[in-house]
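Here's a quick tour of one chain, written for someone who likes to know the cut-offs. Have the model open while you read.

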Amino acid sequence: ISHVAAVVAWDSLFHVPREQHAHIIRRVRATLPLGGRFALTVGGSEHPAFTDVMFGHTFFYDSLPPAQVTALLQSSGFRVVHE
């Protein structure tokens with residue numbers, strides 16, 4: 001992957017199983033240059049993964065609670081600017 005200045009994961013990360021989130025976040029961090037930005041949304045809770053139907057399509061949802069995502073971002077080398 002080429003280096004990029006920013007990565008946006010808006011309304012997307014929570015459609016991936018939470019067990020994969022740490023790997024994805026570490027991969028984003030490795031891709032961004034120093035000072036690069038990462039904008040993401042999370043919708044997590046302690047609830048287990050679930051599916052729902054929207055516009056006639058079934059969607060998968062899973063995410064860590066926001067505080068855990070913040071800790072994961074920080075431990076991966078990100079500085080959280082806004083949450």
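What follows goes from the overall fold to one helix, then a few single residues, and ends with the pocket.

First, the ground rules: this is a predicted model, where local features need pLDDT of at least 70, side-chain atom pairs count only at pLDDT 80 or more, and totals for chains, interfaces and linings use all residues. Residues are numbered from 1 along each chain as its sequence is written, and side-chain values use heavy atoms, with hydrogens and water left out.

**The overall picture**

The chain has 2 helices and 4 strands, in the order β-α-β-β-β-α from the N terminus. Helices (H or I, at least four residues) and strands (E, at least two) are DSSP runs, numbered from the N terminus. Along the principal axes, the C-alpha atoms fill a box of roughly 40 × 25 × 20 Å. There are 83 residues, and 31% of them count as buried; buried means under 20% relative accessible area, exposed over 50%, and partly exposed in between (1.4 Å probe, protein chains only). Take the contacts (heavy atoms within 4.5 Å) between residues at least 6 apart in sequence: 66% of them join residues at least 24 apart.

**Helix α2**

Which residues of α2 are buried? They are Val 69, Thr 70, Leu 72 and Leu 73. Looking down the axis of α2, these buried residues fall within an arc of 165°, so they line one face of the helix; the arc is that of the directions from the helix axis to the C-beta atoms. On the other side of α2, Ala 67 and Ser 75 are exposed. The cover over the buried residues includes α1 and β2. Just after α2 comes Gly 77, with a positive phi of about 105°.

**Three residues side by side**

| Residue | Place | Relative accessible area |
|---|---|---|
| His 21 | helix α1 (residues 21-31) | 1%, buried |
| Thr 70 | helix α2 | 13%, buried |
| His 47 | loop between β2 and β3 (50-54) | 54%, exposed |

His 21 has plenty going on. Its side chain reaches the backbone oxygen of Leu 13 at 3.0 Å, and a polar atom of the His 21 side chain lies 2.7 Å from the backbone oxygen of Val 16. Leaving aside neighbours within four places in sequence, His 21 is in contact with several residues, among them Phe 14, Asp 62, Ser 63 and Leu 72.

Thr 70, not counting residues up to four places away in sequence, touches Val 80 and Glu 83. As for His 47, its C-alpha atom is separated by 12 Å from that of Phe 14, 33 residues apart along the chain.

**The largest pocket**

How many residues line the largest pocket? The lining has 22 residues, of which Phe 38, Arg 79, Val 80, Val 81 and His 82 lie nearest its centre. The elements that give two or more residues to this lining are β2 (37-40) and α2 (66-75). A pocket here is an open set of points on a 1 Å grid over the protein atoms alone, where a 1.4 Å probe fits, with protein on both sides within 12 Å along at least five of seven lines; lining residues have an atom within 4 Å of a point.

The volume of the largest pocket is about 610 Å³, taken as the space filled by probe spheres set on the points, which are joined across faces, edges and corners. By class, its lining has 12 nonpolar, 6 polar and 4 charged residues. Ala, Val, Leu, Ile, Met, Phe, Trp, Tyr, Cys and Pro count as nonpolar, Asp, Glu, Lys and Arg as charged, and the others, Gly among them, as polar.

How values were computed. A polar contact is a pair of N or O atoms within 3.5 Å; within protein, one must be able to donate a hydrogen and the other to accept it, and residues adjacent in sequence count only if both atoms are side-chain atoms.
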